Amino acid sequence: MQHSSLLILDFGSQVTKLIARRVREHGVYCEIWPYNNCSPEDLQKFNPEGIILSGGPCSVTDEGSPRAPDFVFDLGLPILGICYGQQTMMAQLGGVVEAGHHCEYGRADIEITKNTALFGTTWTEGSTPTVWMSHGDRVTNIPDGFDIVATSKGAPCAIIANEDKKFYGIQFHPEVMHTQNGSEIIRNFVRDICGCSGDWTMASYKDEAIQAIRDKVGAEKVICGLSGGVDSSVAAVLIHEAIGDQLTCIYVDTGMMRKGESDQVVGLFRDHYNIPLIHEDASDLFLGKLASVDDPEKKRKIIGGTFIDVFDDCAKRIGGADWLAQGTLYPDVIESVSFDGGPSVTIKSHHNVGGLPEKMDLKILEPLRELFKDEVRDLGRALGLHDDFVARHPFPGPGLAVRCPGEITRDKLDILREADAVYLDAIREEGLYNEIWQAFAVLLPVRTVGVMGDGRTYDYACALRAVTSVDGMTADFYPFEMDFLSRVATRIINEVKGINRVTYDITSKPPGTIEWE
Ligand code: XMP
């Protein structure tokens, strides 16, 4: 696919992905590559119209700290260095970066001292926008050809520019929301300075992706596991548009789905889209294997393994397949190539359909691997999927199992399903659903004493969780009004038999995770 494109070289910042999202919001395709994995040949093949150097956790004053490949400064391409990216550009082009100054974190005011093409009409000389700083080192001397175009108290070279070469350096983070007009500055760089055409839209991507799937798959057969989540659903509809009934979807009901979920998924895909679909009720098998298991990792492993067996059986029944479709997204692709190759700790074993391709000797089809979640939602809309479906909150592979700490039983799951449905219904009624990244109920393995009417109750307690997030990697708990929480608690206790106490989880991630297990 030929799009005008931009390259982001990653120096390990926590927010590099946000740069990519901002660039794509302006209709420009971009990729993130580790700073040390960019050969002249690969770069020539990718053919970007500009390069952004990301921030990072290191200090350029430390020996052996990362550097951009020198050749990128000789390509005649515009370059924007952000934070560490600015500092390494300065260190490599003959400027001076010093460590040991006061660190500057959080909001700061800068003063624009000179107009530049990077500012366009967004900022003009004399304006004082508020920006988001996060740095320990700072540039104190700039090479010939550069001008200081903005300063701040903590950073004399808050923004620098070499208009001839179209090299720009920014000490703060224009990609984060807290920087006033930050997204516009990125737009000015990618669209006006690099000249990218802004031809990256999901409507055009849809047709290209369909063609690419046809070319790849030919006349072979594809299977796709549907979970009810947005990613696998969009992947399935896209693949079906491309190859029709060469696709079969498999929906495994583990017994740990939300209320009404199975009917909704099967109804949409089999009845509405006419996609060949196997609906396998394997709830007895799953719940049997999970009986008396209360360790979260054991539960996840059992669910993952059982899922693979059931899926494998279903696939055999339709005479096998050549390809397995997966809803892998771009953040998964980037995360699997860590910028320094360092190991990462396993917090939770994520269960999708890992293990299946090897077991079944399948080729992998990942039609969403270039997309961010919000782009997948746009693609879903371009494919005609209803907004109710496309804008759904994420739902984890192991389903309600990770929302039912301790031992899982059918009774507990039934109680949880009801409480979850009441909670989500109240959130929708309040018009808050789309403001929240994910909301759900958790059934606690605790029974507490209560009083209802004139009688004593001894029932389960449940916890409500709602978080805001950009990508699920970090999250803040949602600050509901007390009045809303009180109304939901009353509804759950009145409408759900088996629960007599409701709590609200106010833990952010980190230190918590979004799911309870
Ligand atoms: P945690 O709990 O790790 O969750 O903060 C982050 C996001 O990932 C979802 N999640 C999963 N998704 N398989 C999935 O497909 C899994 O095993 C899994 N575990 C957690 C979770 O719902 C949240 O959106």
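**Notebook: strand β12 and its surroundings**

I began at β12, where Val 222, Cys 224 and Leu 226 point one way, Ile 223 and Gly 225 point the other way, and all are buried (under 20% relative accessible area; exposed is over 50%, partly exposed in between; 1.4 Å probe, protein chains only). The model is predicted, so I kept local features to pLDDT of at least 70 and side-chain atom pairs to pLDDT 80 or more, while totals for chains, interfaces and linings use all residues. Residues are numbered from 1 along each chain as its sequence is written, and side-chain values use heavy atoms, without hydrogens and water.

I recalled the general pattern: in a regular strand the side chains alternate between the two faces of the sheet. Next I counted burial along β12, residues 222–226: five of the five are buried, so the strand is largely enclosed by the rest of the structure. Strands (E, at least two residues) and helices (H or I, at least four) are DSSP runs, numbered from the N terminus.

**Partners of β12**

I looked up the pairing (at least two DSSP bridges between two strands). β13, residues 247–253, runs parallel to β12 and is joined to it by five bridges. Cys 224 has Cys 249 as its bridge partner in β13. The chain gets from β12 to β13 through α6, and this β-α-β crossover is right-handed (clockwise from the first strand over the helix to the second, with the strands pointing away from the viewer).

I then checked β15, residues 323–325, which pairs with β12 in the parallel sense over three bridges. Val 222 has Trp 323 as its bridge partner there.

**The sheet around it**

I traced the order of this open sheet as β14-β13-β12-β15-β16, five strands with parallel pairing. At its edges I found β14 (277–281) and β16 (363–365), each paired on one side only. The twist averages 25 degrees from one strand to the next. I also noted five bridges between β13 and β14, again in the parallel sense. Val 252 has Glu 280 as its bridge partner in β14.

Which strands does helix α9 lie across? I found α9 (residues 296–317) across β12, β13, β14 and β15, at about 140 degrees to β13. Angles run from 0 to 180 degrees between N-to-C directions, with axes fitted to C-alpha atoms, for helices over the stretch in contact (heavy atoms within 4.5 Å).

**Helix α6 and the cores**

I turned to α6: 13 of its 14 residues are buried. Its span from first C-alpha to last is 20 Å, close to the 20 Å expected at 1.5 Å a residue (1.5 Å times one less than the number of residues). Just after α6, Gly 244 takes a positive phi of about 55 degrees.

I looked up the largest nonpolar core (buried Ala, Val, Leu, Ile, Met, Phe, Trp, Tyr and Cys residues joined through side-chain atoms within 4.5 Å). It has 69 residues, and Val 222 and Phe 269 are among those that touch the most other members. α6 (residues 230–243) gives the most to this core, with nine residues. I listed contacts of Phe 269 beyond four places in sequence; they include Leu 226, Ser 233, Ala 236 and Val 237. Another core lies apart, with 53 residues, among them Ile 250 and Met 256.

**The other sheet**

I last traced an open sheet of nine strands with mixed pairing, in the order β2-β1-β3-β4-β11-β10-β9-β6-β7. β2 (29–34) and β7 (130–135) each have a single partner strand, so one side of each lacks a neighbour in the sheet.
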